Amino acid sequence: MLQEHIIGTSDPSFQLTNEEYRDILMNAPIGIFTFTPEGKIHGMNPAFVSMFGYDSPQELVNSVEDIRRQLFIDSETRKEMMHYLEKREGELKVESCFIRKDGSLFWAANNIRVVKDEIENILYYQGFLTDITQLKQHEKMLQESGKKYRFLTEEASDTIWTLGMDMKPTYVSPNSSKVLGFTPEERLNQHLSEMVTPETYSRVIDVLTRELEKEQKGNIDPDRTVAIEMEYYHKDGHMLWLENKVCAIRNSEGKIVGLYGISRDITDRKKVEDALKERDALFKKLSSHVPGMIYRFVKRPDGTYCVPLTRCHKG
């Protein structure tokens, strides 16, 4: 087909001799081959021989009696492919896994067409192989990365999110519904000011403004993380504190176009901190109204009682 197309042009300057045509086929970077209906290889170019790891065309021909059975790994795909070619006209494009001489496997995009005589008898098959092993490996890596990403975002105890500079979320991980009661879909329809208390929202805007001012001055780490504690509304009405670790999303020019972060529930920690503050405040209030001194005794494991900044004595 290629030969007919090139030689058949009306421009004499583009006409190729058989020798030139053969040179194109023999130096093509893809594997080109023909085989009989019985599976016997009829012809091939060097790229095809190299793909399968053989030293010469003759070695490959002597070693492979049936290309369909010995070089194709997936027998079902092979059967479907041959059935299609026998019953229909045209070219079949399919991705197949093949086996090399040393037993290793590789993937190739396989374009095959059937060649028939005047009375529709199959003479042979023409095939073109393009090695796509690296592409398949990249696809597998992406699939595995996608699985890991889904696992991290769906199973993580923390909430992962991205936010536009308009303060509207562009992504919220499924854990949001467990922590704050809102589904990711509900969150995407909310503004940050609807999620947090007015005091928290005002503080967030102040922090963001200061960080953007630092950007204008330059000489600042573009990958820095900013931590901010925020008070959120739960869907059922009660309040929760979340600590957010926030980073910038930048475009190709380094400009901030959004934010992404991880939120962790710290409500219990905040309750403890508040309780300690109340205790300290109460202690200071009491001590300021008591005449004289207040002593705090500490009992040690050996039975000794200690007053801070004094010597210990036996009880």
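# Exercises on a predicted model

Leaving aside neighbours within four places in sequence, His 234 is in contact with Val 179, Leu 180, Gly 181, Phe 182 and Leu 240. The model is predicted. Work through the exercises with the structure open.

**Exercise 1. Place His 234 and decide whether it is buried or exposed.**

Solution.
- Step 1: Find the strands on either side. His 234 lies in the loop between β8 (226-233) and β9 (239-250).
- Step 2: Take its relative accessible area, which is 15%.
- Step 3: Apply the cut-off. Buried means under 20%, so His 234 is buried.
- Step 4: Look for a polar partner. The His 234 side chain reaches the backbone nitrogen of Asp 236 at 3.0 Å.

**Exercise 2. Describe the chain as a whole: which elements does it have, and what share of its residues is buried?**

Solution.
- Step 1: Count the elements. There are 12 helices and 13 strands.
- Step 2: Turn to burial. Of the 315 residues in the chain, 32% are buried.
- Step 3: Turn to the surface. About 21,000 Å² is exposed, and carbon and sulfur atoms supply 54% of that area.
- Step 4: Check the reach of the contacts. Take those between residues at least 6 apart in sequence; 40% of them join residues at least 24 apart.

**Exercise 3. Trace the open sheet that contains β1, and name its edge strands.**

Solution.
- Step 1: Read off the order. Five strands run β2-β1-β5-β4-β3, with antiparallel pairing.
- Step 2: Find the edges. They are β2 (41-44) and β3 (91-99), and each pairs on one side only.
- Step 3: Add the twist. Neighbouring strands of this sheet are turned by 30° against each other on average, direction ignored.
- Step 4: Zoom in on one pair. Strand β1 (residues 31-35) meets strand β5 (residues 122-131) over five bridges, in the antiparallel sense.
- Step 5: Pick one position. Gly 31 stands opposite Leu 129 in β5.

**Exercise 4. Trace the open sheet that contains β8, and explain why one side of β8 has no neighbour in the sheet.**

Solution.
- Step 1: Read off the order. Five strands run β7-β6-β10-β9-β8, and the pairing is antiparallel.
- Step 2: Find the edges. β7 (169-172) and β8 stand there with a single partner strand each, so one side of each lacks a neighbour in the sheet.
- Step 3: Add the twist. From one strand to the next, the average is 30°.
- Step 4: Inspect the β7 end. Strand β6 (residues 159-164) pairs with β7 over three antiparallel bridges. Leu 163 has Pro 169 in β7 as its bridge partner.
- Step 5: Add the helix. Helix α11 (residues 198-217) packs on the sheet and touches β8, β9 and β10 (256-265). The direction of α11 makes about 155° with that of β8.

**Exercise 5. Classify two aromatic pairs: which is stacked, and which is tilted?**

Solution.
- Step 1: Choose the two quantities. A ring pair is described by the distance of the centres and the angle of the planes.
- Step 2: Count the pairs. The structure holds eight aromatic pairs.
- Step 3: Test Phe 33 and Phe 35. Their ring centres are 5.8 Å apart and their planes lie at 10°, so this pair is stacked. Both Phe 33 and Phe 35 are buried.
- Step 4: Test Phe 48 and Phe 52. Their centres are 4.8 Å apart and their planes lie at 50°, so this pair is tilted.
- Step 5: Check burial. Phe 48 is buried at 0% relative accessible area. Phe 52 is buried too, at 1%.
- Step 6: Join the rings up. One aromatic cluster is formed by Phe 33, Phe 35, Phe 48, Phe 52, Phe 72, Phe 98, Phe 106 and Tyr 125.

Conventions: Residues numbered from 1 in each chain as written. Predicted model: local features only at pLDDT ≥ 70, side-chain atom pairs only at ≥ 80, totals over all residues. Heavy atoms only, no water. Helix = DSSP H or I, 4+ residues; strand = E, 2+ residues; numbered from the N terminus. Buried < 20%, exposed > 50% of the residue type's maximum accessible area, 1.4 Å probe, protein only. Polar contact = N/O pair within 3.5 Å; in protein donor to acceptor, adjacent residues only side chain to side chain. Contact = heavy atoms within 4.5 Å. Areas by Shrake-Rupley, 256 points an atom, 1.4 Å probe, with all protein chains shown as cover. Pairing = 2+ DSSP bridges. Axes fitted to C-alpha atoms, helices over the stretch in contact; angles between N-to-C directions. Phe/Tyr/Trp six-rings, centres within 6.5 Å; stacked < 30°, edge-to-face > 60°.
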